[in-house]
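Open the structure in your viewer, switch to a cartoon display and keep the selection box at hand. The stops below say what to select and what is there.

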Amino acid sequence: MKAQILTEETGPSGLTLTDVDDPTPAQGQVAVDVKSCGVCFPDLLMSQGKYQLRLPTPFTPGTEVAGVVTSAPDGSGYSAGDRVLVMSVVGGFAEKVVAAPEQLLPIPDGLSFDEGAAMGINFQTAIFALKLRANLRAGETVGVLGSAGGVGVATIAVAKALGARVIAIVHRTGADDMLREVGADEVVALTDGWGDRIKELTDGLGVDVLIDPVGGEVFDEALRQVAPDGRFVVIGFAAGGIPTVKLNRVLFRNISVVGAAWGEYIRTHPAVPGELHTELTAMISAGMRPPVNVTYPLADLPQALSDLENGKILGKAVIHIAD
């Protein structure tokens, strides 16, 4: 089979498309033909040796697989021909992958493989952050920083499906139409005075929930845009800087600052992905669709990761591996 192999942690340039042996399932594992694999920041960070999980090279990255089961052990709950999502951690940027049954979820009816791969970590993170960490209620207003990225568009779609009013906050130009198509009610450019605009849109109160996958220098101003009794949810630090919290603002505004590290949470709550997937499947049955904004062939994975790193991808990118 063909696979993208990371031979050195130099970023996307360290990847090479290589012919390798098919993976052999260990006892209890399921074998899957990979059709599509989402492109996400953990893949980029792994290629640079900056991710929390660091594997010795050479290896194949790729965490958001959609494909078809080719073999499965008795009692696994899966059979050859099943369309599945695989939370593979690594190995997804290849034509075949093996995984434990616990890493698999069924692809919701009606989704293409590309759309299934786009669900991946982003939609799990979005519903985890909004429902389990922020306790979002229908009718509340959600602000989404980094809204033109993969986590951002997933958060907009899920928040809308949960009955929220959504304000997309974006620093990149040219994304307004895409964000509104996903479900944003308002789009606010991350320029001077953006906080004032948030206040205008919320009758001076601020948002009930603010989702932040960005961190960096906008954090202080973003914290000011959370309404009393509101929740500021930290997902990550895509901007690079890890901010500090001025607790006097938390105290006197009666707001909460909470973390939403989905990957860490499921280590001790292994049933959560299946529970969240059931809810996401119901949302998809009601009309929600994971957006696929750009696709690349497997050979162009280094370009896809470079485009992600340089902010050239609006929304979600997917590597299309096979039909």
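## Stop 1: inside the sheet

Select valine 144 and look across to β11, where isoleucine 211 stands opposite valine 144. Bear in mind that this is a predicted model.

Now select residues 141-144, strand β8, together with 207-212, strand β11. Three bridges join β8 to β11, and the two run parallel. Keep β11 selected and colour by accessibility: five of its six residues are buried, so the strand is mostly covered. The cut-off for buried is under 20% relative accessible area.

Add residues 226-234, strand β12. Here β11 pairs with β12 in the parallel sense, over five bridges. One place to zoom in is aspartate 212, which stands opposite valine 234 of β12.

If you show side chains on these strands, remember the usual pattern: in a regular strand they alternate between the two faces of the sheet.

## Stop 2: the whole sheet

How many strands form the open sheet, and in what order? There are six, ordered β10-β9-β8-β11-β12-β13, and the pairing is parallel. Select 186-189 for β10 and 256-259 for β13 to mark the edge strands, each of which pairs on one side only. Turn the view to look along the sheet: from one strand to the next, the twist averages 20°.

Go to the β10 edge and add residues 165-170, strand β9. Strands β9 and β10 run parallel and are joined by four bridges. Valine 170 has alanine 189 in β10 as its bridge partner.

## Stop 3: helices on the sheet

Select residues 194-201, helix α5. This helix packs on the sheet and touches β9, β10 and β11. Its direction makes about 160° with that of β10.

Next select residues 113-133, helix α2. Helix α2 lies across β8, β11, β12 and β13, and runs at about 145° to β11.

## Stop 4: two residues with positive phi

Return to strand β12 and select aspartate 229, which lies in that strand. Which sign does the phi of aspartate 229 have? It is positive, at about 75°, although the residue is not a glycine. Most residues other than glycine have a negative phi. Aspartate 229 counts as exposed because its relative accessibility is 61%, and the cut-off for exposed is over 50%.

Then select asparagine 254, in the loop between α7 (247-253) and β13. Asparagine 254 also is not a glycine and has a positive phi, of about 55°. With a relative accessible area of 52%, asparagine 254 is exposed.

## Stop 5: helix α1 and what follows

Select residues 41-48, helix α1. Is α1 mostly covered or mostly open? It is mostly covered, with six of its eight residues buried. Those buried residues are Pro42, Asp43, Leu44, Met46, Ser47 and Gln48. To see what covers them, add β1 (2-6), β3 (30-38) and α10 (301-309), which are included in the cover.

Step just past the end of α1 to glycine 49, which takes a positive phi of about 70°. Carry on into the loop between α1 and β4 (64-71), where proline 58 has its place. Show the backbone from threonine 57 to proline 58: this peptide bond is cis, with omega near 0°. Most peptide bonds are trans.

## Stop 6: the cavity

What volume does the largest cavity have? Its volume is about 40 Å³. A search of the whole structure finds one cavity of 30 Å³ or more. To display the lining, select Glu9, Leu45, Met46, Gly49, Lys50, Tyr51, Leu53, Arg54, Leu55 and Phe59. The lining divides into six nonpolar residues, one polar and three charged. Met46 in this lining is also one of the buried residues of α1.

## Stop 7: aspartate 22

Finish in the loop between β2 (15-19) and β3, where aspartate 22 is found. Aspartate 22 counts as partly exposed, at 41% relative accessibility. Leaving aside residues up to four places away in sequence, aspartate 22 touches Met1 and Lys96. For a last distance, select arginine 180 as well: aspartate 22 and arginine 180 are 158 residues apart in sequence and 43 Å apart in space, C-alpha to C-alpha.

Technical notes
Residues numbered from 1 in each chain as written. Predicted model: local features only at pLDDT ≥ 70, side-chain atom pairs only at ≥ 80, totals over all residues. Heavy atoms only, no water. Pairing = 2+ DSSP bridges. Axes fitted to C-alpha atoms, helices over the stretch in contact; angles between N-to-C directions. Contact = heavy atoms within 4.5 Å. Buried < 20%, exposed > 50% of the residue type's maximum accessible area, 1.4 Å probe, protein only. 1 Å grid on protein atoms, 1.4 Å probe; cavity = no way out; pocket = protein on both sides within 12 Å on 5 of 7 lines; lining within 4 Å. Points joined across faces, edges and corners; volume = space filled by probe spheres on them. Nonpolar A, V, L, I, M, F, W, Y, C, P; charged D, E, K, R; others polar.
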